[in-house]
Amino acid sequence: TCFFAETGGQPADHGVLEADGTSWKVQDVQKEGEFAVHRLESGAIPKGTRVRGRLDVPRRLNHAAHHTATHITLAAAIQVLGPHVWQAGTQKAEREARIDITHFDRLTPEEVDAVERRANEIVLSDVRVEAAFLPREEAEGRYGVRIFQGGVPEGRMIRIVTIEDTDWECCGGTHMKRTGQVGAIRIKRTERIADGVERLTYAAGMAAVEEGQRERALVARASLVFSVSAEDLPRTAQRFFDEWKERGKEADRLREQLAHAALQGQNAPADVKGVRVIVDLSSHAQDELLSKAKGLARQSKAIGVFVAQGGDKGFRIIVARSADVEVDCRAVLEAALKGAGGGSGGGRAD
């Protein structure tokens with residue numbers, strides 16, 4: 001069959017099988033023993049029918065570009081980061097691919113740039129990419145155990161994909177004939193997926209070009225919002241963030257002052273055994289209730305129940321006390337919730 005069966009992190013080819021003017025859409029191809037089983041979208045082909053397979057060629061080429069880019073990116077990571085790098089898993093698709101590599105630390109932006117730069121140098125060198133079957137012993141003797149980065153296959157004859165003077169791996173996937181056909185490699189993001197394992201996600205070919213255009217559009221939109229050039233965007237965004245953070249601090253200070261004033265101005269709080277009992281019912285946001293509760297906690301001989309009424313989620317109740325009052329606020333809250341018809345809560349005793 002000309003259809004690639006899913007293996008090694010590369011999805012199966014799609015396309016159609018044709019016979020006598022009838023076509024059947026192939027939506028998946030899987031290996032079952034020595035056979036490649038073509039799964040059809042619908043219908044069945046009569047036994048004994050001779051068919052012609054037609055691939056979805058753009059899909060095949062995108063997979064081949066991303067599979068070749070995976071070998072290139074791994075080689076670049078080894079050259080930039082060191083020989084400790086080892087492939088821990090891969091997955092390819094039409095628009096992007098990813099490779100998991102062993103590395104002792106999170107990748108820095110500078111290291112990501114260096115790996116991407118080296119990968120594209122390999123692409124631009126336009127060297128040959130070749131595949132050949134070799135006896136296992138000969139392949140191991142010629143290239144070493146690094147050829148088994150993607151796992152150890154069965155059988156005496158194994159397929160070795162080589163990138164001239166760059167990379168050698170045991171691989172059953174589809175590839176470009178030369179690195180230059182990959183076009184470009186753009187690393188989209190990295191993430192730590194396990195202790196000692198970094199995941200690199202990247203795009204190749206036209207998908208890499210489109211990723212660059214997408215990022216440029218995002219920068220342009222952000223620049224438009226701030227009415228500055230792309231070059232001034234980082235500095236402007238930092239200034240707005242600093243100002244926003246400072247205003248947030250100022251809002252907190254004002255909220256605390258208002259809460260303090262509100263507490264001081266309570267109308268004749270009840271006095272129970274020398275403890276001021278304050279009950280505050282309002283429509284304020286929960287942040288303001290917290291400010292009042294914190295303000296009360298800094299006073300002496302006081303306990304307060306602060307209630308925010310209304311809202312989609314019903315009432316909010318906060319109970320607080322000063323350090324010199326021996327009352328479990330959780331018990332007060334429980335009683336208040338019970339009296340209000342239900343609810344749940346918790347927290348510390350104060």
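How many disulfides does a search of the whole structure find? The search finds zero disulfides, in what is a predicted model. The points below take up the cysteines, a mixed sheet of four strands, the helix α7 that lies across two of its strands, and a buried threonine in helix α1.

**Cysteines**

- A disulfide requires two cysteine sulfur atoms within 2.5 Å.
- For C2, the closest cysteine sulfur belongs to C171 and lies 19 Å away, which is too far for a bond.
- C2 is partly exposed, and its relative accessible area is 37%.
- The sulfur of C170 likewise has its closest cysteine sulfur in C171, at 7.6 Å, again too far for a bond.
- C170 is buried, with a relative accessible area of 14%.

**The β12-β13-β14-β15 sheet**

- Four strands, in the order β12-β13-β14-β15, make up an open sheet with mixed pairing.
- Its edges are formed by β12 (270-272) and β15, each of which pairs on one side only.
- On average, neighbouring strands of this sheet are turned by 20° against each other, direction ignored.
- Strand β14 (residues 302-308) is antiparallel to β15, and six bridges join the pair.
- Within this part of the sheet, G304 stands opposite A320 of β15.

**Helix α7**

- Helix α7 spans residues 329-339, and its residues C329, L333 and L337 are buried.
- These three residues lie on the same side of α7, because they cover an arc of only 75° around the axis.
- The buried residues of α7 pack against β15, which comprises residues 316-321.
- The helix lies across both β14 and β15, and it runs at about 150° to β15.
- On the face turned away from the buried side, α7 carries the exposed residues E334, A335, K338 and G339.
- At the start of α7, the backbone nitrogen of R330 has a side-chain oxygen of D328 within 2.9 Å.
- After α7 comes G341, which has a positive phi, near 100°.

**T70 in helix α1**

- T70 belongs to helix α1, which covers residues 57-81.
- Is T70 buried or exposed? T70 is buried, with a relative accessible area of 2%.
- When neighbours within four places in sequence are left aside, T70 is in contact with T90, K92, A97, I99 and Y202.

How values were computed: Residues numbered from 1 in each chain as written. Predicted model: local features only at pLDDT ≥ 70, side-chain atom pairs only at ≥ 80, totals over all residues. Heavy atoms only, no water. Buried < 20%, exposed > 50% of the residue type's maximum accessible area, 1.4 Å probe, protein only. Arc of directions from axis to C-beta. Contact = heavy atoms within 4.5 Å. Polar contact = N/O pair within 3.5 Å; in protein donor to acceptor, adjacent residues only side chain to side chain. Pairing = 2+ DSSP bridges. Axes fitted to C-alpha atoms, helices over the stretch in contact; angles between N-to-C directions.
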